[in-house]
Structure formats: C-alpha cells, structure tokens
Amino acid sequence: MTHTAVAPAVELRGVSKTYATGSGDLTVLRDVDLAIAPGEHAAIVGPSGSGKSTMLSILGTLDAPSAGEVLVGGRPTAAMSDGERSDVRSRSLGFVFQQFHLLSHADAVANVELGMLYTGLGRAERRRRAVDALTRVGLGERLDHRPTQLSGGEQQRVAIARAIAHEPAVVLADEPTGALDQATGTAIIDLLDGLADVAVVVITHDLVIADRFARQVRIRDGRIEADLTAGEATAAGSEV
Amino acid sequence: MARLTVRDTLTTAALGPRSRVSRSLLSMLGVAIGIATLVAILGITATNEARLRADLEALGSNVLVVAPGQGPNLEPVPLPETAPEMIRRIGPVTGAAAVRELEGAGVFRNDLVPSTMGGGLTAVAVQPELAAAMDLHLHRGAWFDAASVTLPTTVLGASAADHLGVSVPGQRVWIDDSWYAVIGVLQPSGLMPDLDRAALLGEDWVLTGHPDLAISRIQVRVQTGTVEAVRDVLDDTANPGMPRAVGVSTPSQLADAQRAVDSTFQSLALGLAAVALLVGAIGIVNTMVIAVLERRGEIALRRAVGARALQIRTQFMLEAGFLGLGGGVAGAVLGLLVVVVYGTWQKTIPAPNFLAAGVGVGLSVLVGVIAGVYPAVRAAQLSPVEGLRSE
Ligand SMILES: Nc1ncnc2c1ncn2[C@@H]1O[C@H](COP(=O)(O)OP(=O)(O)O)[C@@H](O)[C@H]1O
Ligand SMILES: [Mg+2]
C-alpha cells in the first residue's frame, strides 16, 4: 500500500464470502486480495461457479464480504451507511451486466440518464452527458430508440453508455458478451477495452476474451489461481 | 448531495404507473368508486336539503296553523269569531284566513247522484283572504270577491273539478243539498294539498245557512324568519281569555323528519364509501406488491447506479400515491357529475360539494401512500444482487 502513491480504484483485502445454505455453509470466495489501479483494464476469468459474479458484486459494494475489506478509491466501505455506499456507487462505479438491465419503457437517452439520476447532476447536464456517452458508443443516431427497437449489441452499448456517462473510476462488467453472438461480443469487448481514463474489470469465462486484456486474473473455486500480465498469460496457456 | 430534486422524484415515481396504464387504471377503480360515492352522496343530500329549504321557503316555512284546543276539563274550546281579525293585526303576519269544514256535506255533480256516493270530496267554507295568504292560484275562472262570497258560489280544487266533470266556470254542482255555481278552479297547491279534493264555499253565504259553524283552523302566513316570534303570541291573540285552549303548529316538524331520513341515508352511504376506499387500498397494495416483484431487476439496477434504500422506498410510496391520486380525481369528477345529473333529473339546482371533492382527492393520495408503505418497504429491502440475477 505504501508502494503506490495513488490508491487503487477498487481493492479487495482478504475477502471471503460464505453463504449459509440448506446443506451447510458454502464458501464462494476465500481470502481474495485484488487491487485494480486507476485506469487499469483487467479480465477476471474462471469457470462457471468459481465465484466471479460474487467477487464483482463485492467489488461493486452491492454485496458485503463475510470477511475482509473492500476499498473504493482507497476508502474502506464496511463502516459506511447504506446512503454513503450508494453515493460511492453513483459517483465512482459503473456496471454492465449480461442481461443489459435496461428499462423497456424508456428510450436510450432516458436509460443512460437513469444511470446519473442519483448522482446529484442536474437534468440538463444529465441529458448532455447521456447524448455524449451514446455518441461515444456509436449510438448517436439512436437516441430515442427503445430497447425493443435495438439489437442485443446495441442494447449492451446503451448499457455501457449508462456505465460511463457519469465518468466513474471503475466500470465493472459481468459477462458483458454472454448474451451476444461472437462478432457482436468482440465489438463490445473492443469498446470496453478502448475506454480511456477509467479502470475496467470484465468478468468472463471465455479465455479468448480474457486474452484481450492487459491483465488476467484467473480464479478457481473462489481463490485467485493466477494474476498475469498479457505476456505471462500467453506463456501460461489457455488451460483454465 | 445525492438527494433527488422534487421534480426528479415525482417523474421517477410517475414512470411506473405510466408504463402499465391498464393495470394502473384498474387499481385506481376501488378508490375512484369510494370517492365518487362520497362526493355524490354529499352532493345529493345537499341538493335535497337545498330544495327542501327552498320548498319550505316557497310554501310553508312561514306558515302557522291555529286550531281549536281543549279547555281545563278536556272539553273542546272553539276559536272566537274575532280570532282571524285579531291575528291579522300582529305586525309580521302578512295574511290570515279561517277555514270551516262542513262535515257530512255532500259534493255532487247533480241532485240525482245518491248521497252515499260522495267520492271523498269535502266542502269547506273559507274567507276570501285565504287566496292571498296561502298563495292559491286559479287554473280557470275567478276567486271570491265581496259579492260572490255572499252567494251560493264555489271554487273547486283541481281534483274535485276533475271528479265532478267541471272544466269551465258557470256549471252548477250540488253541494250540501243545494245548487252552487262554479266560479273558478284552483291550481294544485303545495301549501294546502287538502284543498285539491275540496269544494270551497264563501264563508258569508255558508254562515247564513249554518250560523253556528265553528272555525276549524286559521291559516296564518308570516314574514320570513318571524315564525318563532309570532308563534309565541298567537295563542294569546287568538283567544285572550283562554290562550291555553289554542293549538298552534308549524310545518317545520315535517322538515325535521325529512332531514332525519336524509341523514340516515347519508351515514349509510358514507359507510359504503369507506368500504370502497378500503377495498381500493387493498387493490393498490396488491398492484404494488406485484409491481415490486416484477421490477426486482429495475430496483436492483437503481441500487447499482446509486439509489439509496430510502429513495427506493420513497419512489414506490409515491407511485402508490399517484394511483390514489388518479382514482381520487376520477372519483371526484364522477361524483360531481352524478350530482349535476341528479339535480337536472330532479329539476332542481344541484349543490355539488367541491370541498368534499377536494378533501376526497387528498384522502385518496393519503390512502394510496399508506397502501404503498408495505410494498415500498419490501422494495427497499430487496437484495440488489438477487435482483440483478433475476430476469
Ligand atoms: N445467494 C447465494 N446463496 C447460496 N449460494 C450462492 C448464492 N449466490 C451464489 N451462490 C453460489 O456461489 C457460487 C459462485 O457463484 P457465482 O459468483 O455466480 O459464480 P460465477 O459468476 O463465477 O459463475 C455458485 O456455486 C453459486 O451457486
Ligand atoms: Mg457469473
């Protein structure tokens, strides 16, 4: 921690997560340490059920760890009130999900504006930034289209616009290509990896996608198995 | 900092009901019916009350009837012959006239009809002042004047004229075993409905044949608002020697009875409105619980983009409030419309209760918000992680 002058954008310290289930406790994350530097792009890759989504929820303060600490921008979140944690999400984090989670009754601009509703930005500013973000993801001509009038890839672009419009420190994407065909998925990954001045964490079970990122965090059974830079990843091969 | 402006809060809350219009309308129905009942009933009873007051004003709220009473030994005490004249001298009295019933006197078309077939018509001797005092209006012909009151002439009530087959003045009818010339036919009178089936005879003429015929009652008309004052002095004026043997009555007893009926009806209907509101509230709870279940994904997304639990709760309570508002406004408009239609149908001036309509709308919003508490608390407690997994 004293090695870096700048605090990580998000950080897990000794995080574990255990669910109480009918057949006893189920530990999904075990003693995970992970720091994502500002502006860093990383993939978290692992087989289904390895705890990736759980990790992302905890990184995004949507879920609390059973043990360990979660820091956003260097600030511990455990002691925060619900309101404070919500404010942290509204300012510092952006989410992209496999199922897009767009409001079907709202058009593209309104969906992106919704991402800024709780930030304290004024209406006009929200509108301006929404149009701006949609233009950045290539949907400048589709502002008033509703989700049903857009393809899957376009819907995911709207979701990405929503995740970046408020200029967060980190974008957290959980299987963002999971509902898309390969070509569309590749374009979405291009878009995410092309985002500048923002840390991007993409969760995937697909090593080919993971290989596109400068950093790969491999996870298995709730533990970090390997934390590799691009070169190391190629050397380590694609056995997951 | 992350507080929503009032406008953002309201637009956000309006989004839900607006995106599911038909369901929203259905869930407003109960509240709408409740408020419509409330507004309609209050308006209808107010309309009735206003008409009753107008009716009484027009015919009878300023009428008193003086009748003979009983003496100390319960013997009947007739009113003195001077009573009508004395009563007319009371300041606020605008008119007074004696009526004497000729009991047992037959009223027939001619002298051939058997006296057992009376047809229920009565004969009364009246003073000419009666027409002015009681607002009697003639359908045809003329009222008694100084000359005709001393002659065997009659003015017939409307039903009596029908019954006797008299349509034009000038015909003769057989009353009290002698011929009378019909000089006029009355319009039906709201003030003295009993005259409808009567043949009115001139007092002066009748008294020549029945010098001992006593006064049955004296109809007294007073200036508006003086009924109580006049009532207090009427007995003394009518019979100074035996004021206790004078009966005085007002038609307001009838009005009181009418009002009692109305208020029973009103509390019954208000109970009904309360039940409808309760049903409406349950409907809103239902709709909102379903909405929360269906919109777990949206709720979770809002949490992810920074909505506080409290803001989610506010949103859903306001959504329920909007449902209440919609139902309330629809119900108030419907209720007011019902009152107007009722007034038109009853040919009277409708008295829509705008205050009740306003209070009703406020009440609906309150009912909606309260109905929204439980679903809203559930929405705020939803786990964002599970919400995002759903769908
Ligand atoms: N709320 C929960 N209760 C019990 N078990 C859960 C819950 N959420 C996730 N799990 C379990 O945790 C494990 C990891 O899930 P998840 O983080 O979604 O994995 P991944 O995203 O890598 O596929 C899975 O076995 C899953 O069944
Ligand atoms: Mg997952």
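**Notes on the pockets, cavities and ligand site**

1. Start with H1(B): this helix gives the largest share of the lining of the largest pocket, six residues. Keep in mind as you read on that you're looking at a predicted model. The largest pocket has a volume of about 560 Å³. Its lining counts 20 residues, and the ones nearest the centre are A:Ala110, A:Glu113, A:Arg123, B:Thr11 and B:Leu15. Try clicking on those five to find the spot on your screen.

2. Which other elements help to line the largest pocket, with at least two residues each? On the chain A side they are helix H3 (108–114) and helix H4 (123–136), which join H1 of chain B. As for chemistry, the lining of this pocket splits into nine charged, seven nonpolar and four polar residues.

3. On to the second largest pocket, with a volume of about 480 Å³. It is lined by 22 residues, and A:Ser53, A:Thr54, A:Asp174, A:Glu175 and B:Arg389 are the closest to its centre. H1 of chain A and helix H12 (384–389) of chain B each bring at least two residues to this lining. The largest share, five residues, is from H1(A). Sorted by type, the lining of the second largest pocket has 11 polar, seven nonpolar and four charged residues.

4. Now the ligand. Which residues come nearest to ligand 1? There are 13 residues around it, and the nearest are A:Gly49, A:Gly51, A:Lys52, A:Ser53 and A:Thr54. You've met two of these names already: A:Ser53 and A:Thr54 are also among the residues closest to the centre of the second largest pocket. Don't file this as a chain A site, though. The residues surrounding ligand 1 come from chains A and B, so the two chains share the site.

5. What holds the shell around ligand 1 together in terms of elements? In chain A, strand E1 (10–21), strand E2 (24–36) and helix H1 (52–59) each supply at least two of its residues. H1(A) has the largest share of this shell, with three residues. Seven residues of the shell are polar, four are nonpolar and two are charged.

6. Zoom in on the oxygen atoms of ligand 1 and the chain A backbone. One polar backbone atom of A:Gly49 is 2.7 Å from a ligand oxygen. For A:Lys52, a polar backbone atom sits 2.8 Å from an oxygen of ligand 1. At A:Gly51 the distance from a polar backbone atom to a ligand oxygen is 3.1 Å. And how much of ligand 1 does the protein bury? On its own the ligand exposes 570 Å², and the protein buries 68% of that.

7. Next, the enclosed spaces. Rolling a probe the size of a water molecule over the atoms shows where empty space is left. Searching the whole structure turns up three cavities of 30 Å³ or more. The largest cavity has a volume of about 90 Å³. Its lining is made of B:Gly16, B:Pro17, B:Arg20, B:Arg23, B:Ser24, B:Thr287, B:Met288, B:Ala291, B:Arg295, B:Glu319 and B:Leu323.

8. Which helices of chain B give at least two residues each to the lining of the largest cavity? They are helix H1 (6–19), helix H2 (21–58), helix H8 (252–294) and helix H10 (309–345). H8(B) has the largest share, three residues. The mix in this lining is four nonpolar, four charged and three polar residues.

9. The second largest cavity holds about 50 Å³ of space. Its lining includes A:Arg89, A:Ser90, A:Phe95, A:Arg162 and A:His166, along with B:Ala304 and B:Val305. Helix H2 (82–92), strand E6 (93–97) and helix H5 (152–164) of chain A give two or more residues each. Among these elements, E6(A) gives the most, with three residues. By type, the lining of the second largest cavity has five nonpolar, four polar and two charged residues.

10. Last, step back and look at chain B as a whole. It is divided into domain 1 (10–56 + 256–389) and domain 2 (77–221). Notice that domain 1 is written as two stretches of sequence. How far apart are the centres of the two domains of chain B? Taken over C-alpha atoms, the distance is 60 Å.

Technical notes: Residues are numbered from 1 along each chain as its sequence is written. Chains are lettered from A and ligands numbered from 1 in the order in which they are written. This is a predicted model: local features need pLDDT of at least 70, side-chain atom pairs count only at pLDDT 80 or more; totals for chains, interfaces and linings use all residues. Side-chain values use heavy atoms; hydrogens and water are left out. A residue is near a molecule or strand if one of its heavy atoms lies within 4 Å of it. A polar contact is a pair of N or O atoms within 3.5 Å; within protein, one must be able to donate a hydrogen and the other to accept it, and residues adjacent in sequence count only if both atoms are side-chain atoms. Accessible areas come from the Shrake-Rupley method with a 1.4 Å probe; for residues, only the protein chains shown count as cover. Helices (H or I, at least four residues) and strands (E, at least two) are DSSP runs, numbered from the N terminus. Ala, Val, Leu, Ile, Met, Phe, Trp, Tyr, Cys and Pro count as nonpolar, Asp, Glu, Lys and Arg as charged, and the others, Gly among them, as polar. Domain bounds come from an automatic or database domain assignment. On a 1 Å grid over the protein atoms alone, a cavity is a set of points where a 1.4 Å probe fits but cannot get out, and a pocket is an open set with protein on both sides within 12 Å along at least five of seven lines; lining residues have an atom within 4 Å of a point. Grid points are joined across faces, edges and corners, and a volume is the space filled by probe spheres set on the points.
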